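Got the viewer open? Load the model, put it in cartoon view and follow along, one selection at a time.

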Amino acid sequence: QVQLVESGGGLVQAGGSLRVSCVVSGRSLRSDAMGWFRQAPGKEREVVAGISRSGSTMAYAGAAKGRFTISRDGAKNTASLQMNNLKPEDTAVYYCALKYGGSWDNVPESTREYAYWGQGTQVTVSS
C-alpha cells in the first residue's frame with residue numbers, strides 16, 4: 001500500500017522560509033514523478049511544482065518560480081519543497097502527490113494525473 005505523509009508546515013512571517021517534506025512508503029520514489037499542490041480556503045487545488053520521473057525536469061507554477069524549489073531523494077524516499085520569501089497569498093494546505101508510470105521526462109501538472117496523495121500540511125504566512 002502506497003502512503004504519502006507530509007510534514008514541515010507551520011506559521012511563518014512574510015519573507016520567511018519553510019521546507020515541507022513528503023515521505024513515501026510502499027513504493028520506491030526513484031523513478032516516479034512527484035508533485036506539490038496547494039489548496040487555499042474556497043479555492044481549487046492548484047499545482048505548485050513538479051519533478052519528472054527521470055528527476056531531470058522540474059516545473060513550477062508562476063507564483064512559485066524563483067522562490068520555491070522541489071527536490072527528490074531516492075535514498076530516503078522523500079520529496080521536498082523548499083519555500084523562500086513566503087507571502088501571505090502562499091497560505092494554504094500543501095499536498096504532495098505521486099504519479100505512477102507515464103512519460104520519463106514530462107512533469108504532470110493536473111491533479112487527475114496523480115494516483116496517490118498525502119493528507120496535507122498547513123502553511124500559514126502572516127503579514
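**Stop one: strand 11**

Start by selecting Thr124, which is found in strand 11 (residues 121-126); strands here are DSSP runs of E, at least two residues, numbered from the N terminus. Before you click on, note that this is a predicted model: local features need pLDDT of at least 70, side-chain atom pairs count only at pLDDT 80 or more, and totals for chains, interfaces and linings use all residues. Residues are numbered from 1 along each chain as its sequence is written, and side-chain values use heavy atoms, with hydrogens and water left out.

Is Thr124 buried or exposed? Neither, quite: its relative accessibility is 27%, so Thr124 counts as partly exposed (buried means under 20% relative accessible area, exposed over 50%, partly exposed in between, with a 1.4 Å probe and protein chains only).

Now show the side chains of the whole strand. In a regular strand the side chains alternate between the two faces of the sheet. In strand 11, Thr121, Val123 and Val125 make up the covered face, while Gln122, Thr124 and Ser126 make up the uncovered one.

Next, pick out what Thr124 touches. Setting aside neighbours within four places in sequence, Thr124 is in contact with Gly10, Leu11, Val12 and Thr91 (contact means heavy atoms within 4.5 Å). For a long view, draw a line to Gly26: its C-alpha atom and that of Thr124 are separated by 30 Å, with the two positions 98 residues apart along the chain.

**Stop two: the partners of strand 11**

Add strand 2 (residues 10-13) to your selection. Strand 2 pairs with strand 11 in the parallel sense, over four bridges; two strands pair if DSSP finds at least two bridges between them. Zoom in on Val12, whose bridge partner in strand 11 is Val125.

Then bring in strand 9. Here the pairing with strand 11 is antiparallel, over three bridges, and Tyr94 stands opposite Thr121 in strand 11.

**Stop three: the disulfide**

Stay with strand 9 and select Cys96 together with Cys22. Their sulfur atoms are 2.1 Å apart and form a disulfide (a pair of cysteine sulfur atoms within 2.5 Å). Cys22 lies in strand 3 and Cys96 in strand 9 (residues 92-99), so the pair ties together parts that are 74 residues apart in sequence. Turn to look along the S-S bond: with 60 degrees about it, the link is right-handed. Both Cys22 and Cys96 are buried. A search of the whole structure finds one disulfide.

**Stop four: the open sheet**

From Cys22, move out to the sheet. Which strands form it, and in what order? Four of them, in the order 1-3-8-7, as an open sheet with antiparallel pairing. Strand 1 (3-7) and strand 7 (68-73) stand at the edges with a single partner strand each, so one side of each has no neighbour in the sheet. Strand 1 is joined to strand 3 (residues 18-25) by five bridges; select Gln3 and you'll find it opposite Ser25 in strand 3.

**Last stop: zoom out**

Show the full chain. There are eleven strands and zero helices (helices would be DSSP runs of H or I, at least four residues). Along its principal axes, the C-alpha trace spans about 40 × 30 × 25 Å. Switch on a surface if you like: buried residues make up 43% of the 127 residues. Among contacts between residues at least 6 apart in sequence, 61% join residues at least 24 apart.
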